[in-house]
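These are my notebook entries on a structure that I had not examined before. I looked up helix packing to begin with, and then some individual residues.

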Amino acid sequence: MSRIVLGLMRIDSMNVDQVTELLHFASSKGITKIDLADIYGGTRCESLVGEAFEKDRSLRERFLVQTKVGISLDGVGYDSSKDYLIRHVQNSLSRLRCGHPDSLLIHR
């Protein structure tokens with residue numbers, strides 16, 4: 001695993017082609033881990049990465065995928081209850097289209 005992690009919090013204004021290009025560039029520089037969270041871009045960041053993985057299936061094999069859940073998407077605060085976490089992990093997996101994250105963190 002690379003010592004540098006590509007944080008993808010600010011990709012929500014990009015399109016899938018730009019995200020795909022970014023991931024290829026990062027991989028070419030030896031970066032092997034990406035970091036996301038369900039709240040990044042109001043869930044759009046995970047969706048874009050999932051679309052990039054679907055567009056180029058080799059990308060998933062190049063990266064360890066880390067995502068985070070636990071900050072309420074409605075802006076109320078934090079929720080680390082079992083039901084909330086399970087529901088939001090399932091939603092993240094659906095957006096990421098990658099089967100599983102390699103690392104899952106409870107945000108904050």
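Entry 1. The model is a predicted one. I began with the contact between helix 2 and helix 4, where Glu46, Ser47, Val49, Gly50 and Phe53 of helix 2 meet Ser92, Arg95 and Leu96 of helix 4. I sorted the residues of this contact by kind and recorded 3 nonpolar, 3 polar and 2 charged. I then looked up the geometry: the two axes come within 7 Å and cross at roughly 40°. This crossing makes helix 2 oblique to helix 4.

Entry 2. I checked the length of helix 2, which covers residues 44–55. Its 12 residues, at 1.5 Å a residue, should span 16 Å, and I found the C-alpha atoms at its ends 16 Å apart, so the expected and the modelled span agree.

Entry 3. Which residues of helix 2 are buried? I listed Cys45, Glu46, Ser47, Leu48, Val49, Gly50, Ala52 and Phe53. I next asked what covers these buried residues. The cover includes helix 1 (16–28), strand 2 (33–35), helix 3 (58–62), strand 3 (64–69) and helix 4 (82–96).

Entry 4. I turned to the contact of helix 2 with helix 1. On the side of helix 1, I noted Val16, Asp17, Val19, Thr20 and Leu23; they meet Leu48, Val49, Glu51, Ala52, Phe53 and Lys55 of helix 2. The residues of this contact divide into 7 nonpolar, 1 polar and 3 charged. The axes of helix 1 and helix 2 are 9 Å apart, and the helices pack at an angle of about 75°. I therefore entered helix 1 and helix 2 as roughly perpendicular to each other. Val49 and Phe53 appear in my list for helix 4 and again in my list for helix 1.

Entry 5. I looked up backbone angles in the loops. Thr43, in the loop between strand 2 and helix 2, is not a glycine, yet its phi is positive, at about 90°. Arg97 is another residue other than glycine with a positive phi, here near 55°. I located Arg97 in the loop between helix 4 and strand 4 (103–106). Is Arg97 buried or partly exposed? Its relative accessible area is 37%, so I recorded Arg97 as partly exposed.

Entry 6. I examined Ser72, which lies in the loop between strand 3 and helix 4. Its relative accessibility is 13%, and Ser72 therefore counts as buried. I found a polar contact of 2.2 Å between the side chains of Ser72 and Asp74. Setting aside neighbours within four places in sequence, I recorded Gly77, Tyr78 and Tyr84 as the contacts of Ser72.

Entry 7. My last residue was Leu93, in helix 4. With a relative accessibility of 25%, Leu93 counts as partly exposed. Which residues does Leu93 touch, not counting those up to four places away in sequence? I noted Cys98, Gly99, His100 and Pro101. I also looked up the separation of Leu93 and Leu104: they are 11 residues apart in sequence, and their C-alpha atoms are 11 Å apart in space.

Definitions and conventions: Residues numbered from 1 in each chain as written. Predicted model: local features only at pLDDT ≥ 70, side-chain atom pairs only at ≥ 80, totals over all residues. Heavy atoms only, no water. Helix = DSSP H or I, 4+ residues; strand = E, 2+ residues; numbered from the N terminus. Expected span 1.5 Å × (residues − 1). Buried < 20%, exposed > 50% of the residue type's maximum accessible area, 1.4 Å probe, protein only. Contact = heavy atoms within 4.5 Å. Axes fitted to C-alpha atoms, helices over the stretch in contact; angles between N-to-C directions. Parallel < 35°, antiparallel > 145°, perpendicular 65-115°, else oblique. Nonpolar A, V, L, I, M, F, W, Y, C, P; charged D, E, K, R; others polar. Polar contact = N/O pair within 3.5 Å; in protein donor to acceptor, adjacent residues only side chain to side chain.
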